[in-house]
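Subject: The two-chain model, with notes

Hi there,

Here is the model I promised to pass on to you. Please have a look at it first, and then read on for my notes.

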Amino acid sequence: MPMSSTEATVSKAEPATSLHREPSGGLRVALQATFRRDLTLLLRRRGEVLNPLVFFALVITLFPIGISPDPELLSTIAPGLLWVAALLAALLSLDSLFRGDYDDGSLEQLLLSPQPLAALALAKVAVHWLLTGLPLALMAPVLGIMLSLPAGSYLVLSLSLALGSASLSLIGAIGAALTVGLARGGVLLSLLVLPLYIPVLIFGAGAVQAAILGDSITAHLAILGALLAVALMLAPWAIAASLRISING
Amino acid sequence: MWTFIHKLGSPKWFYVISARLLPWFWAAAAVLIVVGSIWGLAFAPADYQQGNSFRIIYVHVPAAFLAQSIFVAMAVSGLIFMVWKIKIADMAAAMMAPLGAAMTFIALFSGAVWGVPTWGTWWMWDARLTSMLILLFLYVGVIALRGAFSSRDSASRAASVLALVGVINIPIIKYSVDWWYTLHQPATFSVTSRPAMPLEMWMPLLIMVLGFYCFFIALTLTRTRSEILRREATKHWVRELAGEGR
């Protein structure tokens with residue numbers, strides 16, 4: 001077992017007391033280090049950052065071809081299409097969230113570190129959102145133009161996607177953590193995660209729809225924010241528990 | 001009290017105690033479902049708007065109740081397993097999942113059949129239908145995740161986590177009626193307000209719901225007992241049991 005040997009060397013190198021008494025600012029340093037490391041790693045693999053965006057554009061291209069190029073029809077279904085396509089693009093990028101770290105063993109190091117795993121996982125998810133959810137949100141208005149999305153809803157589209165995709169990253173990370181130890185977890189991951197995405201989709205697409213109809217969007221955005229708050233509070237613990245299961249299994 | 005719970009947590013004692021309870025639950029389930037079906041299908045008055053087609057409610061509502069309750073029961077079992085490492089809880093959760101999925105499917109299917117005479121269509125994208133469908137996907141996810149792991153312990157813990165994560169979907173189902181404009185009629189049963197149905201229609205439904213719950217408990221106990229024997233096959237007491245049975 002490679003796992004037990006790693007544990008043995010760590011406990012030999014550091015006496016047990018140092019594991020309990022962490023240096024001041026230890027968590028902050030660890031968070032910064034995890035954040036910077038993940039950011040650097042992802043920025044060096046540009047393909048992985050660009051793929052979801054290309055996928056997003058491609059899926060949006062398919063709809064006018066498959067349904068109809070009629071701008072009137074497209075403009076009525078555009079909010080839902082944009083949201084669904086962005087959601088799928090975000091889902092596509094989830095599988096690699098912990099995969100690399102799992103393969104090269106650095107995930108085990110995260111587990112063994114004296115800092116809480118939930119916080120470190122949160123840092124990783126934050127990077128994922130920064131390089132997947134946020135670019136998708138920024139790109140969506142461009143695709144909105146192509147689907148003749150009615151004017152006045154572009155800002156809301158970006159805002160709702162930015163807010164919603166943070167929840168998507170958090171919820172999706174639970175699924176990614178559960179399936180990272182499995183050889184072919186990709187399809188299973190979408191099966192686990194997609195049902196949990198539905199509330200976010202409802203209120204995200206609902207916000208854009210409301211903006212088009214001229215209704216108030218604050219309620220939708222407030223609920224998206226509430227969903228994010230709940231996800232921020234609960235998801236890190238679920239991610240940490242899932243990572244422990246995947247590593248020890 | 002505590003010693004009883006501790007005893008219940010051990011597979012051997014669970015096996016012994018459940019043997020005593022089991023006949024009662026099976027009998028209650030059989031009597032309640034038979035009485036409820038006959039009363040509901042033959043003697044309850046026909047609905048003044050929907051005619052006889054409303055009688056599908058006697059399958060639809062109990063199945064929908066169970067579909068939601070079983071998910072909660074599964075999540076609670078998962079929590080008990082995660083916190084106290086009681087293996088029985090995980091066995092029960094594993095045995096419940098397929099029944100819950102089946103009940104969700106029955107609720108969806110009977111709803112579709114009911115939809116033809118009342119709404120004139122098999123399927124409506126209405127709030128509660130949709131959330132039932134999501135519940136079915138959640139069940140499938142839990143079952144698939146459990147099946148995907150090669151180590152049983154990892155599978156148990158992963159399924160428990162997913163059931164706990166999924167249980168947040170249950171309140172969404174409950175409140176989805178308020179969230180969306182819906183074509184579906186409001187909930188048939190309500191704990192706080194008096195039922196809108198006349199007593200002759202409502203009583204068989206109550207009996208059917210109780211019957212379905214007894215059936216669920218009886219079936220889960222039976223399946224958990226077989227699972228105990230399967231997982232503990234190498235234990236001394238199981239071998240003794242098998243030796244005596246021969």
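Below is what I found, going from chain B to the interface and then to some individual residues.

One caution before the details: this is a predicted model, and every value here is computed from it.

**Chain B as a whole**

Chain B is helical, with nine helices and zero strands. Written out along the sequence, its pattern is simply α-α-α-α-α-α-α-α-α. Chain B has 246 residues, and 46% of them count as buried. If you take the contacts in chain B between residues at least 6 apart in sequence, 77% join residues that are at least 24 apart.

**Where the chains meet**

What does each chain bring to the contact? Chain A contributes 20 residues and chain B contributes 19 residues. Between them they bury about 1700 Å², and carbon and sulfur atoms give 88% of that area. On the polar side the counts are quick to report: zero salt bridges are found across the interface of chain B and chain A, and zero residue pairs are in polar contact there, taking pairs with both residues at pLDDT 80 or more.

On the chain B side, the elements that give two or more residues are α5 (127–148), α6 (152–166) and α7 (169–179). The largest share comes from α5(B), with eight residues. By residue class, the side of chain B that touches chain A divides into 15 nonpolar, three polar and one charged.

**Aromatic pairs**

Over all chains, the structure holds five aromatic pairs. Two of these, both in chain B, are worth bringing up on your screen.

- B:Phe54 and B:Tyr58 pair edge-to-face, with 5.9 Å centre to centre and 65 degrees between the planes. B:Phe54 and B:Tyr58 are both buried.
- B:Phe71 and B:Tyr139 are also edge-to-face, at 5.1 Å centre to centre with 70 degrees between the planes. This pair links distant parts of the chain: B:Phe71 sits in helix α3 (residues 57–84) of chain B and B:Tyr139 in helix α5 of chain B, 68 residues apart. Both B:Phe71 and B:Tyr139 are buried.

**Salt bridges**

The count over all chains is 13 salt bridges. I would start with the ones around B:Arg231.

B:Arg231 meets B:Asp90 in a salt bridge of 3.2 Å, N to O. B:Arg231 belongs to helix α8 (residues 199–231) of chain B and B:Asp90 to helix α4 (residues 87–119) of chain B, so this pair ties together parts 141 residues apart in sequence. Both B:Arg231 and B:Asp90 are buried.

B:Arg231 also forms a salt bridge with B:Glu227, at 2.7 Å, N to O. Here both residues, B:Glu227 and B:Arg231, lie in helix α8 of chain B, four residues apart, or about one turn of the helix. B:Glu227 is buried, as is B:Arg231. Through shared partners, salt bridges join B:Asp90, B:Arg146, B:Glu227, B:Arg230 and B:Arg231 into one network.

In chain A, the side chains of A:Asp38 and A:Arg37 form a salt bridge of 3.0 Å, N to O. Are these two buried or exposed? A:Asp38 counts as buried because its relative accessibility is 8%, while A:Arg37, with a relative accessible area of 31%, is partly exposed.

**Two more buried residues**

B:His60 is in helix α3 of chain B. Why does B:His60 count as buried? Because its relative accessibility is 11%, and the cut-off for buried is under 20%. Setting aside neighbours within four places in sequence, B:His60 is in contact with B:Ala107, B:Ser110, B:Gly111 and B:Trp114. The C-alpha atoms of B:His60 and B:Ala112 are separated by 9.9 Å, with their positions 52 residues apart along the chain.

In chain A, have a look at A:Thr132, which lies in helix α8 (residues 117–146) of chain A. A:Thr132 has 6% relative accessibility and therefore counts as buried. Not counting residues up to four places away in sequence, A:Thr132 touches A:Pro52, A:Ala90 and A:Ser93.

Happy browsing, and do write back with any questions.

Best wishes

Notes. Residues numbered from 1 in each chain as written. Chains lettered and ligands numbered in written order. Heavy atoms only, no water. Contact = heavy atoms within 4.5 Å. Buried area = accessible area lost by both parts, 1.4 Å probe. Salt bridge = Lys/Arg side-chain N within 4 Å of Asp/Glu carboxyl O. Polar contact = N/O pair within 3.5 Å; in protein donor to acceptor, adjacent residues only side chain to side chain. Nonpolar A, V, L, I, M, F, W, Y, C, P; charged D, E, K, R; others polar. Phe/Tyr/Trp six-rings, centres within 6.5 Å; stacked < 30°, edge-to-face > 60°. Buried < 20%, exposed > 50% of the residue type's maximum accessible area, 1.4 Å probe, protein only.
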